[in-house]
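Colleague: I would like to go through this model and ask how each statement about it is reached. Shall we begin with the confidence values?

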Amino acid sequence: VSPQVLEDQYSPSRWSRRLDRDTIIDAHLAVTAAGTERARASAQTLLHVPYGSGDGEKLDIYFPTNPSETFPVLVYIHGGYWQCLSKDDSGFAAPPLVSQGVAVVAVGYDIAPKGGCCPAKAAAACAARRSPALPFALYSGHMDAMVLQVRRSLVFLEEQYPRIRGIYLCGHSAGAHLAAMVLSTDWTEFRVVPDIKGTVLVSGVYDLEPILQTYVNDVLNMSREVAQRNSPMRHVTAAVPAACEVLVAVAQHDSPEFRRQSLEYSQALRAAGWSVSLLDLAGVDHFDVIEKLSEDSYILTQVGRRAVPRW
């Protein structure tokens with residue numbers, strides 16, 4: 001496949017039927033920011049809760065309107081191609097959930113820094129802070145670090161909030177990739193095993209190798225080894241008896257490559273014994289496929305209601 005074809009396939013803004021590529025991303029940012037502002041105004045919140053010492057290692061928690069003694073929590077992991085967006089724009093899906101007794105947690109993580117992430121920059125950053133050199137794999141904004149941060153955020157929730165009755169993951173785009181990496185976690189390396197009951201993966205990337213030669217990697221600066229190590233498609237584990245249910249959702253107006261990746265990842269999970277469903281959402285693109293989670297009538301919201309107790 002030629003580099004130009006790959007650039008097109010992994011540029012979601014080129015495939016929308018609603019808006020042109022120069023305005024769709026700005027429109028998406030405006031919708032999610034406004035939705036999050038409304039959610040914060042209407043829900044009881046606990047913002048910027050640190051789950052680690054990194055700048056981006058913080059959570060926003062939206063509590064249920066009428067919480068019972070215990071309640072389920074939906075953990076939302078934002079997209080942005082691992083290099084933009086944040087938890088501060090990720091509360092837009094909370095209102096339909098908190099009104100039904102479900103807590104929503106928006107996870108922050110250290111996105112890739114402008115200019116890319118490379119060993120030289122990592123060393124320079126550490127020297128500037130006069131701190132010991134960090135392992136390259138754990139340098140802020142490196143793909144390994146982002147995956148580890150999301151895993152650690154779930155451990156934190158499990159330990160700090162005993163009232164939680166089951167965790168449900170929802171990730172969009174790059175966030176769907178990070179949520180999928182959670183499914184391949186060896187939890188023996190951590191203090192606890194999060195009680196993950198279900199996972200919703202929306203318009204995700206599950207094999208990172210194709211993006212190595214695209215503009216996306218200009219900032220991520222991934223090697224082939226890093227891409228392979230962090231590709232969920234390459235790390236599908238056999239389902240255990242307590243494995244969560246997985247919903248893989250893709251937009252009608254996602255690119256053919258995004259649609260292919262969703263299909264093949266769902267097939268790989270099913271072959272490994274996971275309970276998995278593939279939902280092809282008509283009439284939406286890579287952006288409003290997730291924006292509409294703020295709407296009660298949206299099919300993905302309705303499917304979620306059936307999947308999450310009391311949602």
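Modeller: This is a predicted model. Over residues 116-137 the pLDDT stays under 50, and the model has 27 contacts beyond four places in sequence for these residues.

Colleague: What makes residues 116-137 fall short of the requirement for local features?

Modeller: Local features need pLDDT of at least 70. Residues 116-137 stay under 50, so they do not meet that cut-off and no local feature is taken from them. For the protein, the mean pLDDT is 89, and 89% of the residues reach 70 or more.

Colleague: How many of the 311 residues, as a percentage, are buried, and what makes a residue count as buried?

Modeller: The share is 54%. A residue is called buried if its relative accessible area is under 20%, so 54% of the residues fall under that limit. The accessible surface of the protein is about 13,500 Å², with 53% of that belonging to carbon and sulfur atoms.

Colleague: Why is the second largest cavity called a cavity?

Modeller: A 1.4 Å probe fits at its points but cannot get out, and therefore the space counts as a cavity. Its volume is about 60 Å³, and it belongs to a structure with 4 cavities of 30 Å³ or more.

Colleague: What classes of residue line the second largest cavity?

Modeller: The lining has 4 nonpolar, 7 polar and 1 charged residues. Among the lining residues are Tyr76, Gly79 and Asp89. Asp counts as charged, so Asp89 is the charged one. Gly counts as polar and Tyr as nonpolar, so Gly79 and Tyr76 go to those classes.

Technical notes:
Residues are numbered from 1 along each chain as its sequence is written. This is a predicted model: local features need pLDDT of at least 70, side-chain atom pairs count only at pLDDT 80 or more; totals for chains, interfaces and linings use all residues. Side-chain values use heavy atoms; hydrogens and water are left out. Buried means under 20% relative accessible area, exposed over 50%, partly exposed in between (1.4 Å probe, protein chains only). Accessible areas come from the Shrake-Rupley method with a 1.4 Å probe; for residues, only the protein chains shown count as cover. On a 1 Å grid over the protein atoms alone, a cavity is a set of points where a 1.4 Å probe fits but cannot get out, and a pocket is an open set with protein on both sides within 12 Å along at least five of seven lines; lining residues have an atom within 4 Å of a point. Grid points are joined across faces, edges and corners, and a volume is the space filled by probe spheres set on the points. pLDDT is the predictor's confidence in each residue, from 0 to 100. Contact means heavy atoms within 4.5 Å.
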